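Student: I would like a close look at a single part of this model, the largest pocket. What lines the largest pocket, and how much space lies in it?

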Amino acid sequence: MNPKARQELIGIAALLVGLFLGLTLLPVALTGSWGRALGAALRQMFGLGAVILPILGLGWALAAFERLGALSWGRAAVLGAGLILLVPYGIAVAIGPAFPPDYVNWTRTERLVGLFPGFLANGVESAVGSAGAVLIGLFALSALGVLTIGWHPLTMLRAGKGGRGKGEGEKPIVKVKSSRDADADGEDVPIPLPPSRFPK
């Protein structure tokens, strides 16, 4: 089997698995007893992050069929897996990760967090406080974005004030009056400058 066919087969499998996992999260009985048990376990472990699983399957399939540009199926999988953890982690930090020891006593908002992200947020906040937990979450989101799609929340600082300006990256044009550089009508002809040897 050639690599392209293998990649597309993996994409189809990821799409179908994601669809099945999405169906297990629904309150209707379409996936049997195993599906109901799996869906309940996913909701309990990852909270709102479990909703990203079917999106992950779709993204993986689109990347395998080269519909996401330069984003490969491997990086799409890493991005989805990271968001499954970081989204409920952010909710936990926002509401304060002090959850009752028994999951049965958790409120609906607390159940959006899930056990694993809630445990992680509780451990981080108890070690470095609320501010440290926010900063660690921001760093993790930035690292995930840079490693997968080349974006992070502070991208606007990369090119200075206001992000990438209009026309940035294009070569500057200078108009020079010269009989040699003039066209038949006597109008100035733009001459591109050579690229600068010095970094911006």
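Tutor: What follows describes the pocket, then two of its lining residues, then the chain around them. The model is predicted, and the values below are computed from it.

The largest pocket holds about 190 Å³ of space. Its lining consists of Leu25, Arg43, Gly47, Leu48, Ala50, Val51, Tyr103, Arg108, Arg111 and Leu112. Sorted by class, 6 of the lining residues are nonpolar, 3 are charged and 1 is polar. The polar one is Gly47, because glycine is counted in the polar class. Arginine counts as charged, so the charged part of the lining is Arg43, Arg108 and Arg111.

Some residues named in the lining also belong to a nonpolar surface patch. The patch is made by Leu48, Val51, Ile55, Val87 and Leu112 and covers about 380 Å². Leu48, Val51 and Leu112 are named in the pocket lining as well.

Two of these residues can be placed along the chain. Valine 51 sits in the loop that runs between helix 2 (32-46) and helix 3 (52-64). Its relative accessibility is 44%, so valine 51 counts as partly exposed. The C-alpha atom of valine 51 is 8.9 Å from that of leucine 21, although 30 residues separate the two along the chain. Leucine 112 is in another loop, the one between helix 5 (108-111) and helix 6 (115-148). With a relative accessible area of 37%, leucine 112 is also partly exposed. A patch residue needs over 30% relative accessible area, and both valine 51 and leucine 112 therefore meet that cut-off.

The helices that follow these two loops give a contrast. In helix 3 lies leucine 56, which has 14% relative accessibility and so counts as buried, the cut-off being under 20%. Leucine 56 and leucine 79 are 23 residues apart along the chain, and their C-alpha atoms are separated by 8.3 Å. In helix 6 lies alanine 133, which is buried with a relative accessible area of 0%. Its C-alpha atom is 9.4 Å from that of tyrosine 89, a residue 44 positions away along the chain.

For the wider setting, the protein chain contains 6 helices and 2 strands. Their order along the sequence is α-α-α-α-α-α-β-β. The chain has 200 residues, of which 28% count as buried. Leucine 56 and alanine 133 fall in that buried class, whereas valine 51 and leucine 112 are partly exposed.

How values were computed: Residues numbered from 1 in each chain as written. Predicted model: local features only at pLDDT ≥ 70, side-chain atom pairs only at ≥ 80, totals over all residues. Heavy atoms only, no water. 1 Å grid on protein atoms, 1.4 Å probe; cavity = no way out; pocket = protein on both sides within 12 Å on 5 of 7 lines; lining within 4 Å. Points joined across faces, edges and corners; volume = space filled by probe spheres on them. Patch = residues over 30% accessible without salt bridge, like charges linked within 9 Å, V, L, I, M, F, W, Y side chains within 5 Å. Areas by Shrake-Rupley, 256 points an atom, 1.4 Å probe, with all protein chains shown as cover. Salt bridge = Lys/Arg side-chain N within 4 Å of Asp/Glu carboxyl O. Helix = DSSP H or I, 4+ residues; strand = E, 2+ residues; numbered from the N terminus. Buried < 20%, exposed > 50% of the residue type's maximum accessible area, 1.4 Å probe, protein only.
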